[in-house]
Amino acid sequence: MPGSLCPAGEPAPAIPTAPAIPVIPSHWSFPADPTSVRRARRAVMGAVPRGCRPELADELVLVTSELVTNALLYGTCPADGCPIELVLWPADGYCWLAVSDPGAALPALASPGPKECGGRGLLVSALTAAWAVVPRHGCGKSVVVGLRLAG
């Protein structure tokens with residue numbers, strides 16, 4: 001048959017189905033500066049996935065504030081110019097947030113005195129379904145947290 005790509009009587013080859021394109025993560029880079037905490041909160045608030053449970057935005061903003069503050073306090077040196085990076089993406093029923101800094105020190109829960117305000121890790125533990133510290137290739141680390149998208 002003229003114009004046919006297959007010999008007579010043979011079925012045409014199956015056209016492969018393209019995979020579904022995954023959601024592209026939101027990514028930000030902020031300087032090691034106290035004003036970056038506010039900027040990070042605003043950025044994350046504007047990128048909260050649509051259709052998720054109503055309180056997710058508030059929880060993400062709180063966790064973002066905590067993790068970026070910790071990255072500034074313990075993971076950066078403003079003089080070195082290395083930024084704090086954030087990545088936010090939905091996957092497998094969770095909204096994942098990674099906050100990365102160049103510091104080598106890993107976060108550790110402390111045993112602060114009763115009058116000390118921080119160091120217990122209660123906020124991150126209470127609001128997230130999962131969290132971990134992941135070393136980065138080269139230098140630094142990422143603190144990765146997962147919050148449920150649905151109630």
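Biologist: In which helix of the protein is confidence lowest, and in which is it highest?

Modeller: This is a predicted model, in which local features need pLDDT of at least 70, side-chain atom pairs count only at pLDDT 80 or more, and totals for chains, interfaces and linings use all residues. The term pLDDT stands for the predictor's confidence in each residue, from 0 to 100, and the protein averages 86, with 87% of the residues scoring at least 70. Confidence is lowest, at a mean of 84, in helix α3 (residues 122-127), and highest, at 97, in helix α1 (residues 35-45).

Biologist: What pattern does the protein follow when read along the sequence?

Modeller: Residues are numbered from 1 along each chain as its sequence is written, and side-chain values use heavy atoms, with hydrogens and water left out. Helices (H or I, at least four residues) and strands (E, at least two) are DSSP runs, numbered from the N terminus, and on that basis the secondary structure comes to 3 helices and 5 strands. Read along the sequence, these elements give β-α-α-β-β-α-β-β.

Biologist: Which strands are the edge strands of the open sheet?

Modeller: Two strands count as paired if DSSP finds at least two bridges between them, and the open sheet of 5 strands, with antiparallel pairing, has the order β1-β2-β3-β5-β4. The strands that each pair on one side only are the edge strands, β1 (26-30) and β4 (130-135).

Biologist: How many bridges join β3 to strand β5?

Modeller: On one side, β3 (residues 94-101) pairs in the antiparallel sense with strand β2 (residues 84-91) over 7 bridges, where Trp96 in β3 is the bridge partner of Trp89. On the other side, β3 meets strand β5 (residues 141-148), again in the antiparallel sense, with Val99 opposite Val143. For this second pairing, the number of bridges is 8.

Biologist: How many residues of strand β3 are buried?

Modeller: Buried means under 20% relative accessible area, exposed over 50%, and partly exposed in between (1.4 Å probe, protein chains only). By this criterion 32% of the 151 residues of the protein count as buried. Strand β3, which is mostly covered, has 8 residues, and the number buried is 6.

Biologist: Which residue takes a positive phi in the hairpin of β4 and β5?

Modeller: The strands β4 and β5 run antiparallel and are joined by 6 bridges, and Trp131 stands opposite Val145 in β5. The hairpin of β2 and β3 has 2 residues between the strands, and there Asp92 takes a positive phi near 55 degrees. In the hairpin of β4 and β5, with 5 residues between the strands, a positive phi near 100 degrees belongs to Gly138.

Biologist: What angle does the direction of helix α2 make with that of β3?

Modeller: Contact means heavy atoms within 4.5 Å, while axes are lines fitted to C-alpha atoms, for helices over the stretch in contact, and angles run from 0 to 180 degrees between N-to-C directions. The five strands form an open sheet in the order β1-β2-β3-β5-β4, whose neighbouring strands are turned by 15 degrees against each other on average, direction ignored. Helix α1 packs on this sheet, touching β1, β2 and β3, and its direction makes about 170 degrees with that of β1. Helix α2 (residues 56-74) also packs on the sheet, touching β2, β3 and β5, and the angle between its direction and that of β3 is about 15 degrees.

Biologist: Which residue offers its backbone oxygen to the side chain of Thr64?

Modeller: Thr64 lies in helix α2 and is buried, with a relative accessible area of 0%. Leaving out residues up to four places away in sequence, Thr64 touches Ala40, Arg41, Val44, Leu86 and Leu97. A polar atom of the Thr64 side chain lies 2.7 Å from the backbone oxygen of Leu60.

Biologist: Is Arg53 buried or exposed?

Modeller: Arg53 lies in the loop between α1 and α2, and a polar atom of its side chain is 2.7 Å from the backbone oxygen of Arg148. Not counting residues up to four places away in sequence, Arg53 touches Glu59, Leu147, Arg148, Leu149, Ala150 and Gly151. Because its relative accessible area is 12%, Arg53 is classed as buried.

Biologist: How far apart in space are Met45 and Ala57, C-alpha to C-alpha?

Modeller: Met45 lies in helix α1 and is partly exposed, with a relative accessible area of 40%. Apart from neighbours within four places in sequence, Met45 is in contact with Ala57 and Val61. Met45 and Ala57 are 12 residues apart in sequence, and their C-alpha to C-alpha separation is 6.1 Å.

Note on methods
Polar contact = N/O pair within 3.5 Å; in protein donor to acceptor, adjacent residues only side chain to side chain.
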